[in-house]
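Open the model in a viewer with selection by residue number. The stops below can be taken in order.

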Amino acid sequence: MWPDRHLTFVSQRTPHTPGGVPGLQGLNTTSHGDVDQLLEALVSAVKKGGLGPQAAPQSSSALTSFIAGFLVAAFLVWLLKYRLNAATAASQDRRRQKQAIETVAKMDPQDLKNSLGEIGMPAWASLPDFQRVQWFNQVVVQIWPYFDRMVTQWANENITNLLEQSKPPWIRSVRMHRFSLGTTVPEITGVKVYRESRQDEVLLDLDFMWAGDQEMSFVVKPVPRTVPDVPLAGQLMDLLSNAVVIKAAVDHWVVNGRLRVRLGPLLDGPPILGGMQISLTEIPRFSFDLTVYGGELAVLPGLEPWLHALIEDCVLRPYVLPEKYDIPFTDAGQGGYERPRGLLDVRVIEAAHVPRLDILTASDPFVKVSVRAKQQLQTQVKENTSKPHWDESFQLLVHYPDKQELTLVMYDHDTFDSHDEIGRVHIPVRDLPAGKVIDDWYEVLPAHQEKSDSEKYFKSGNPVSWVVGAGQKAMGILIRPWDYKPFSLTKDEKRKAGCHLHLQLRFSELSAEDVDAAAKEQQGAPGAGGQLSHLDPHVRNILRGGVLYVRIHKVESLMGKAVFRGGWKQAVKIKVRLGDIQKATAVAKGKKKNEAIMISQELEFIVGGEMAKSGHKLQFEVWDVHWRNELKGRLHIPFDDIKDHVMVRHTYDLEGTQRGRITLEMQWMPAFAAA
């Protein structure tokens, strides 16, 4: 409600007018600028008692209904106008960024310092290690049309699948309509060459800014397909899904980031360069304009956060260090493996206040754990509970402690549809003190809400936030009044009021000195083992073992599957086991039946010294998981064979089936040899 002093002020401006609703005569109800005046008049009417003493008693209910409906309509009009103004301001801000980028690219260092001082300077002007390379931008201009065609072809083949696999539950289907990188090329603003890199490679860092005219349009059907267990709801939702179709576009991106380029290995003969690997040093800062054709963005308030999450998780994060995009020039040009710099122990204990995403039951939560986008581990699924208890432990290798972060994503498991994301936790590895156990509760937040342009409309103190929060609180009181304790919550209860995840974390550095000591111990040097006594026992065990990398390239010639079991398509998942460690690839889909399916995924196994000596076999299982799971073949490779050869690349025939082949690359990296 409005404060009393505001009501008094309104009553002075809005005199009682007999014969109708007080104070409404003469107002233009179709003008957005008069919304505040209309609201003031209506509040004044309520304050003064409606139509006055001459009104008939039966008119009271009609007046009340009119006022309530008019208030809702006026608020919606104001909200749409507010959202439109904010979107316009964001678009203008992106245009200003684009103009600033174009201006900075043309300025010399002295002009920049005079204009900006020492704050906000580009790397080539503020850091002596970075150099400005305008000639490289001219090269990019000539290459750009060919690069645009290559990326557009990739987008036409893959983006629709990415959209479908990651779509939220309120979208029935989504497909790409048009894609273009535009004609504006990225601007390389600075280059750094690393002089301390290995002798057989060249390392470069490229700073870039890109304010382009890109466009990606897509078609969305924003109605869920069915509502389970509700009579006739499924048929109604199907009709609405086919009737409601919205076209939207993401365009005018502004991107600012840094690329790491590795040229190598360097060869003694032609072509000199064995290959090139490209990575992002971190997630670039980016923004974009989102347009809904023939409508207003507020109609789909969840569209922008979902697209932001999709771009970050599926397009950018898979190429952030230590991940890379390999471009081999020769057979020896495949990217190598880097020595890990640390070991992160993660114990996922439990969660509290997991929200309900299903209509009739509680969530079925599970958690995916990773420090690399392509290396994800997963807890078990706990069914129908808001207080799941897992108590599962994971070990993760860390290659860049100053850049990588631990990511835990909680999902609600769905058997017949894509899993619904509940929220996530991000913990930078650099924030974890080495060697110390951290036991704490972490808040599970919606994906990327801190970076979404929509967030500013729901900050504390914003009128929209106040209305939404008040509505949620009112609904909570009506549904479960016995749970409403506004003044009796302790500090700890307030901290855990939302969805939280209970974790135990420990980061252990693998220093060069510890690795050297492990190497000497393996070589039989006297007293070397004592140099590792300060380490935790499981860290010592890892240093006495190593890391097994398994890169699965493709599977081909798999046996077919009956149509009633889903045989009209292929979707392959590969499970790999070494001892008691089991991992699996993400699902890879085939475009046509019986063709080769590109997996292109890498799994890593942390192998302790005891396991490395135990004579285990590396076991593979190839599953077709489209519709009904069906085993397509197995493979067993002695672990000792991989250790003896260090690197193995081969295409194997699957066992237990008439046909089927899998192409693998496996490398054993002892901890003492990886420095």
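## A tour by selection

Start by selecting Phe 366 and Tyr 411: Tyr 411, in β13, is the bridge partner of Phe 366. The model is a predicted one, and this pair is a way into one of its sheets.

**The sheet around β13**

Extend the selection to residues 365-372, strand β10, which pairs with β13 in the antiparallel sense over six bridges. Next add residues 405-412, strand β13, and its other neighbour β14; these two are antiparallel as well, with eight bridges between them. Tyr 411 appears again here, with Glu 421 of β14 as its bridge partner.

Four strands now make up the picture: an open antiparallel sheet in the order β11-β10-β13-β14. β11 (375-378) and β14 are the edges; each has a single partner strand, so one side of each lacks a neighbour in the sheet. From one strand to the next the twist averages 20°.

Is the edge strand β14 enclosed or open to its surroundings? Select residues 420-428: seven of the nine residues are buried, so β14 is largely enclosed by the rest of the structure.

**A second sheet**

Go to residues 546-556 and 661-670, strands β17 and β25. They pair in the antiparallel sense over ten bridges. Within this pairing, Val 555 has Ile 662 of β25 as its bridge partner.

Widen the view to the four strands of this open sheet, ordered β21-β17-β25-β24 with antiparallel pairing. The edges are β21 (597-607) and β24 (647-653), each paired on one side only. The average twist between one strand and the next is 15°.

On the edge strand β24, pick Val 648. With a relative accessibility of 15%, Val 648 counts as buried. Beyond its neighbours within four places in sequence, Val 648 is in contact with Asp 641, Ile 642, Leu 664, Glu 665 and Met 666. A distance label between the C-alpha atoms of Val 648 and Gln 667 should read 6.4 Å, for residues 19 apart along the chain.

On the other edge, β21, select Ser 600. Its phi is positive, about 50°, although Ser 600 is not a glycine. A related case is Ser 557, in the loop between β17 and β18 (570-578). Phi of Ser 557 is near 55°, again positive in a residue other than glycine. Ser 557 is partly exposed, with a relative accessible area of 32%.

**Two cis peptide bonds**

Most residues other than glycine have a negative phi, and most peptide bonds are trans. Which form does the bond from Pro 270 to Pro 271 take? This peptide bond is cis, with omega near 5°. Pro 271 lies in the loop between β5 (246-263) and β6 (275-280).

Then select Leu 321 and Pro 322, where the peptide bond is also cis, with omega near 10°. Pro 322 sits in the loop between α8 and β8 (325-328).

**A helix crossing**

From that loop, step back to α8, residues 303-316, and show it together with α6, residues 134-166. The two helices pack at an angle of about 115°, with their axes 11 Å apart. Their crossing is right-handed. Show side chains for Leu 162, Leu 163 and Ser 166 of α6 and for Trp 306, Leu 310 and Cys 314 of α8, which make the contact. The residues of this contact divide into five nonpolar, one polar and no charged.

**A buried histidine**

Select His 500, in strand β16 (residues 500-509). His 500 has a relative accessible area of 4% and is buried. Add Val 354: the C-alpha atoms of His 500 and Val 354 are separated by 7.6 Å, although the residues are 146 apart along the chain.

**Last stop: colour by confidence**

The protein averages a pLDDT of 76, and 69% of the residues score at least 70. Where is confidence lowest, and where is it highest? Helix α1 (residues 4-13) is lowest, at a mean of 38, while strand β22 (residues 617-624) is highest, at 95.

Select residues 1-33, where pLDDT stays under 50; the model has 48 contacts beyond four places in sequence for them. For residues 49-57, also below 50, the model has ten contacts beyond near neighbours in sequence. Where pLDDT is low, the predicted coordinates should not be read in detail.

Finally, show the whole protein, with its 14 helices and 25 strands. Of its 675 residues, 43% count as buried.

Technical notes
Residues numbered from 1 in each chain as written. Predicted model: local features only at pLDDT ≥ 70, side-chain atom pairs only at ≥ 80, totals over all residues. Heavy atoms only, no water. Pairing = 2+ DSSP bridges. Axes fitted to C-alpha atoms, helices over the stretch in contact; angles between N-to-C directions. Left-handed = near helix turned anticlockwise from the far one by under 90°. Contact = heavy atoms within 4.5 Å. Nonpolar A, V, L, I, M, F, W, Y, C, P; charged D, E, K, R; others polar. Buried < 20%, exposed > 50% of the residue type's maximum accessible area, 1.4 Å probe, protein only. pLDDT = per-residue confidence, 0-100.
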